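Let's take a walk through this structure together, starting with a few charged contacts and working outward to the fold as a whole.

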Amino acid sequence: QVQLVESGGGLAQAGGSLRLSCAASGRTFSSYSMGWFRQAPGKEREFVAAISWYTYYADSVKGRFTISRDNDKNTVYLQMNSLKPEDTATYYCAAGPLMITTDKGVSSWGQGTQVTVSS
């Protein structure tokens, strides 16, 4: 397993941008599929984006969010543009052996970072 630490959350205005980072420990980072999930208060955790040799996005963020990774830095990123108040949530970094599109495929979770978007 890998250890994951997120950073980059905070407060943004609607229409603004934030970039989340997730630093992973371990020498096998490149062999993992990586993803981002989010959980808003009172709601279930939901899939946001994932990357292995291709990328995959939830419909709600497609065209606004971009997931990328730097295997030399053991880091995965989530660039969030055109933010909306409904993007407000705790964002979690995730790693798994296969492409992650549900939390069932996740073997490691980060601790989460809060994103708040004001209208």
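K62 and D59 bring their side chains together in a salt bridge, with N and O 3.1 Å apart. Bear in mind as you look at it that this is a predicted model. How accessible are the two partners? K62 is partly exposed, at 48% relative accessibility, while D59 is exposed, at 66%.

Now turn to R64, which forms a salt bridge with D87; here the closest N and O atoms are 2.7 Å apart. This pair links distant parts of the chain, since R64 sits in the loop between strand 6 and strand 7 (65–70), D87 sits in the loop between strand 8 (75–80) and strand 9, and 23 residues separate the two. Are these partners buried or exposed? Buried means under 20% relative accessible area. R64 has 11% relative accessibility and so counts as buried, and D87, at 1%, is buried as well because it also falls under that cut-off. The story continues beyond this pair: salt bridges with shared partners join R38, E46, R64 and D87 into one network.

Within that network, the side chains of R38 and E46 meet in a salt bridge of 2.6 Å, N to O. R38 is buried, with a relative accessible area of 6%, whereas E46 is partly exposed, at 35%. The backbone connects these residues too, as E46 in strand 5 is the bridge partner of R38. A search of the whole structure finds four salt bridges.

R38 and E46 lead us to the strands around them. Strand 4 (residues 33–39) and strand 5 run antiparallel and are joined by five bridges. The hairpin of these two strands has six residues between them, and in it G42 takes a positive phi near 80°. Strand 4 also pairs with strand 9 (residues 89–96), again in the antiparallel sense, over seven bridges. If you would like a landmark for that pairing, find Q39, which stands opposite T90 in strand 9. How enclosed is strand 4 by the rest of the structure? Six of its seven residues are buried, so strand 4 is largely enclosed.

For a contrast, move on past strand 5 (46–51). Y54 lies in the loop between strand 5 and strand 6 (55–57), and Y54 is partly exposed, with a relative accessible area of 38%. Together with W53 and Y56, Y54 forms a nonpolar patch on the surface, and the three residues have about 420 Å² of accessible area together.

Finally, step back to the chain as a whole. Which secondary structure elements does the chain contain? There are eleven strands and zero helices. The C-alpha trace spans about 40 × 25 × 25 Å along its principal axes. For 119 residues, a compact globule would have a radius of gyration near 14 Å, and the chain's 13 Å agrees with this. Of those 119 residues, 47% count as buried. The chain exposes about 6200 Å², with carbon and sulfur atoms supplying 47% of that area. Contacts tell us about the fold as well: among those between residues at least 6 apart in sequence, 60% join residues at least 24 apart.

Methods. Residues are numbered from 1 along each chain as its sequence is written. This is a predicted model: local features need pLDDT of at least 70, side-chain atom pairs count only at pLDDT 80 or more; totals for chains, interfaces and linings use all residues. Side-chain values use heavy atoms; hydrogens and water are left out. Patches are made of residues with over 30% relative accessible area and no salt bridge: like charges are joined within 9 Å, nonpolar side chains (Val, Leu, Ile, Met, Phe, Trp, Tyr) within 5 Å. Accessible areas come from the Shrake-Rupley method with a 1.4 Å probe; for residues, only the protein chains shown count as cover. Helices (H or I, at least four residues) and strands (E, at least two) are DSSP runs, numbered from the N terminus. Buried means under 20% relative accessible area, exposed over 50%, partly exposed in between (1.4 Å probe, protein chains only). Two strands pair if DSSP finds at least two bridges between them. The radius of gyration is taken over C-alpha atoms; the globule rule is 2.2 Å times the number of residues to the power 0.38. Contact means heavy atoms within 4.5 Å.
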